[in-house]
Amino acid sequence: MSFYQGLIILVVINVIAVIGNFLLTGMTGLLSFGQASFMALGAYISGMLAVKFNIPFLLAILLAIIASVFVGFIIALPVVKLRRDYFALTTFAFGEFLKAVLNLSVTITGGATGLAGIPFKVNIWIVLISLIIVILLVRNFRNSKFGKECLAIRDDEVAARSCGIDSSSKKMTVFLFSIAITSFAGCLYGFYTCYIDPSMFGWTKSSELVIMVFFGGLNSLTGVIIGTTFLTLSLEILRFAGAWRMFVYVLIMIILIDFRPQGVFGNWELDWRTFEKFLHIPSSIIKKGK
Amino acid sequence: MCRESCLCPFILRRGVKAGLLLRNVKKELEVFLQQLLNGLSCGGVYALMAVGFGLIYNVLKFSNFSHGGVMLIGCYTAYFAFKIFHSSLFLTLLFGAISGGLCAVIFEKLAITPLRKRNAPKIYFFVNSINGGLLSEYLIVATVGVFFYTFPDFLGTTNINIGQISFSKLNLTMLIISLITLFGLMWYLYKTKYGRAIRAVACDINTTSLMGVDVNRVISLTFFVSGLLGGLCGVFLGINYTIYPQLGKLIVKGWMASVIGGLGSLLGPVLGGILLGVLETFLTAYIGSSFTPILEFIILLMFLLIRPQGIAGVIVEEKA
Amino acid sequence: MNLLEVRNVSKHFGGIIAVDNFSMKVKENQLIGIIGPNGAGKTTIFNLISGISKTTSGKIFFKGKEITFLKPSQISKLGIARTFQNLRLFRGLDVISNVEIAYTYRMRYNFFQALFWPPIVLSENKKFRNLAKESLNLVKVPTNYYYEKPTNLPYGLQKRVDLARALSLLPQVLLLDEPAAGLNPYEVIELIDIIRLIQKEYQKQNLSIILVEHRMEMIMELCEEIYVLDFGETIAKGSPEYIQSNENVLSAYLGEEY
């Protein structure tokens, strides 16, 4: 496999993970600082199932996703009806908690020395197809009643609740869906690098995933995809620049949020509306299909 | 007479057992008190952290994650001040506090003021504060490197002994300094006009500005005070543990303390900090330091389920 | 059996008594008014009925079942809808989606179907979009505004969108919170007609309307029974004629000449 193929695989896995975060923050306004720990859950569970019990690739991923969703349900249950800050900080605390658990359980997970020997199953086609599937699922979700309800909750939660929308359960649904996506990205990562350890999924990674969402734009799926691709590539390419590259990266982020908080792409989306402007299709034909 | 002679050794044996039991209890009690005092000292540090964090929360209504970065910078600058000037404990603490305060104000100018001018939703403040915390970490890594440093034993390794309890002079000093700082903060907030301005802005930022208060300056002042607390706390943490670039992450303990104690007042974070410190010390003593984060998280979740507003907090109802 | 019964409900905010021992019985097909000076507790009563605030004491019954401790989302699904004094429309959605939102809990597909089977999403969307258009038609919002964001509409029309949204919950009790606030006299007359039209259209569903208002012409014109509040207390209750001549009401609220 060439260097470029490897790079693309890593970028696409990152994009999938960020889409999970985008779904959560874009739809509900909740921030999750533990998304990397759900990647870790996905990677470790699917990796352990494959290494220790020889469970086939797809089944291991499915089981890992189900387990991650279950864990996410338990930690979100107390906080989903509380203020948004509590949610962010609980997910952050969860990240630390999971790291402690992973480091401790040396016999099961290999502890700080990591889990090795995961079979190599992921190639560029698998990741690209996964990406397309995830994009389609997220798009369907946003166009359905769930998408509209979440936008309503974001705009005015009191009014939404008076219209029959149970805001806590909707937030939970979106959170669980976003965990499923992010842990799937983690599984792909494990089956690609064949070695995982707790330090790969720490707080820095979680923050990275959050920042990339804000770079692309909270309301724009295409923006987030393009933005994350750009950022991940730049960070990889600029690896030689040493520690200062991260400092400059974060500084640019701060200035971006200061002066363009809606993200680089704002509300722009690559969908029918852009094609309509591009090809001059009259809007009435598009709206009829709505 | 036969009965008496049978009873005597019986009573003697019971008496000896009771005596041994009492001595065990006394020992257990001493260990308990020892851990309690250690816990209070740790709790004082956490209380400082939580109060600094809670101050910004009350005034600007968002969780200031960069407080961790402020602690980090305060700690490192204090360390290098010590290395260069060989300052005493108190001067080092002062240096750490002031650099923390300055760092907080720089962060405010860089990442908060532009957002306030745009009336941005709170979520952006939060994200920029995360960025601020990260920025501090990367700054340290880029300038100083990833190495760990340690503070020396400032007051020597002498302990104060009360009976069999040994209490390190350093712990006691930290506890006293924390208490003095907290009292000083209360005096500042409730007895000076600057404190009153801060409290007014915390109540209603728009009305306060209409009353002729320069809200921007008050907010910078709040950040400075919060930074002082954070820098001081950072030096304490550096003394207690080691000095390393990820020190900022310990802010999560400050947040946990705020949740347990209740945001919305100053008593809440202090109470929560002390409780968390005591709890953590006991857990570490009895089940080991590797299991402690796990149990802490579970306790936190249960707290959020049962009493999310914290011990001293109040639930604010929505109105339509 | 009463459609809606509020029994000895009180609401305290710390030391302030917002609502003091309020009781109300609503039967089917009634139009009831609640009036009183500002701060009398009228919107608080609506908040209590719709579940947004919790009662300090007292009970609320809807069709015989107690709803005092239910969540707002549950109460609105049972059949109590409300409008808001300050509109609270969803700014990120266009006008027709704002109204559709009230129908979403009726859409018959679950999470997995939404993800994997778009055709059902499209058909349900279409069905309820048509229903939303009917609601907007009933309250006389012109069709050219359907795809605009609500903030682009004139204020009077925004109020009607709020009304259409509440109607789309297919309620049996409709709580209108100062629907005429900010309207000019001509718009108020239009609104009175629209409320009459709503009563007629929904008569089969036994719709009852509770109206909080300051505009006396609306209250006296529309309501069969009026409750008067002052500082949380109910100071009078009865027909419009009785209220107009009641001494307590006159001195507290209406003024000497009416």
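**Figure 1. Glu178(C), a buried loop residue in a predicted model**. This model is predicted, so keep that in mind for every view here. Glu178(C) counts as buried because 21 other C-beta atoms lie within 10 Å, and the cut-off is 20 or more. You'll find Glu178(C) in the loop between strand 7 (173-177) and helix 7 of chain C. Take a look at its backbone too: phi is positive, about 50 degrees, although Glu178(C) is not a glycine. Most residues other than glycine have a negative phi.

**Figure 2. Lys63(C), a loop residue with a positive phi**. Here's another spot in chain C, the loop between strand 4 (57-62) and strand 5 (65-66), and Lys63(C) sits in it. Its phi is near 50 degrees, a positive value in a residue other than glycine. Is Lys63(C) buried or partly exposed? Lys63(C) is partly exposed, since 15 other C-beta atoms lie within 10 Å.

**Figure 3. Domain 1 of chain C touching domain 2 of chain C**. Chain C is split into domain 1, made of 1-79 + 171-258, and domain 2, which covers 89-169. Taken over C-alpha atoms, the centres of these domains are 26 Å apart. Domain 1 of chain C puts 12 residues into the contact, and domain 2 of chain C puts in 11 residues. On the domain 1 side, helix 2 (72-78) and helix 7 (185-201) of chain C each supply at least two residues. Which helix gives the largest share of that side? Helix 7 of chain C does, with five residues. Sorted by class, the domain 1 side has seven nonpolar, two polar and three charged residues.

**Figure 4. Where chain A meets chain B**. Now zoom in on the place where 37 residues of chain A are in contact with 34 residues of chain B. On the chain A side, helix 3 (57-79), helix 4 (84-104), helix 10 (203-216) and helix 12 (244-259) each chip in at least two residues. Helix 4 of chain A gives the largest share, 13 residues. What kinds of residues make up the side of chain A that touches chain B? By class, there are 31 nonpolar, three polar and three charged residues.

**Figure 5. Ala243(A) and its contacts in chain B**. Ala243(A) belongs to the loop between helix 11 (221-237) and helix 12 of chain A. If you skip its neighbours within four places in sequence, Ala243(A) is in contact with Tyr138(B), Val141(B) and Ala142(B). Ala243(A) is partly exposed, with 16 other C-beta atoms within 10 Å.

**Figure 6. Helix 6 and helix 8 of chain B, roughly perpendicular**. Two packed helices are described by the angle between their axes and the distance between the axes. For helix 6 (residues 193-203) and helix 8 (residues 215-240) of chain B, the angle is about 105 degrees and the axes are 10 Å apart. Helix 6 of chain B and helix 8 of chain B are therefore roughly perpendicular to each other. Helix 6 of chain B brings Tyr194(B), Ala197(B), Ile198(B) and Val201(B) to the contact. Its partner, helix 8 of chain B, brings Val215(B), Val218(B), Ile219(B), Leu221(B) and Thr222(B). That makes eight nonpolar residues, one polar and no charged ones.

**Figure 7. Helix 9 of chain B, largely enclosed**. How many of the 11 residues of helix 9 (residues 251-261) of chain B are buried? The count is 11 of 11, so helix 9 of chain B is largely enclosed by the rest of the structure. Among these buried residues are Lys253(B), Trp255(B), Met256(B) and Ile260(B). Right after helix 9 of chain B comes Gly262(B), with a positive phi near 105 degrees.

**Figure 8. Helix 10 of chain B and the glycine that follows**. Helix 10 (residues 267-287) of chain B has 21 residues. Want to check its length? At 1.5 Å a residue, helix 10 of chain B should span 30 Å, and its end C-alpha atoms are 30 Å apart, which agrees. Next along the chain is Gly288(B), whose phi is positive, near 95 degrees.

**Figure 9. Chain B as the setting for the helix views**. Chain B has 11 helices and two strands. Reading from the N terminus, its elements go α-α-α-α-β-β-α-α-α-α-α-α-α. Along the principal axes, the C-alpha atoms of chain B fill a box of roughly 95 × 55 × 35 Å. Of the 320 residues in chain B, 47% are buried.

Methods
Residues numbered from 1 in each chain as written. Chains lettered and ligands numbered in written order. Predicted model: local features only at pLDDT ≥ 70, side-chain atom pairs only at ≥ 80, totals over all residues. Axes fitted to C-alpha atoms, helices over the stretch in contact; angles between N-to-C directions. Helix = DSSP H or I, 4+ residues; strand = E, 2+ residues; numbered from the N terminus. Parallel < 35°, antiparallel > 145°, perpendicular 65-115°, else oblique. Contact = placed C-beta atoms within 7 Å. Nonpolar A, V, L, I, M, F, W, Y, C, P; charged D, E, K, R; others polar. Expected span 1.5 Å × (residues − 1). Buried ≥ 20, exposed ≤ 12 C-beta atoms within 10 Å, placed from the backbone. Domains from an automatic or database assignment.
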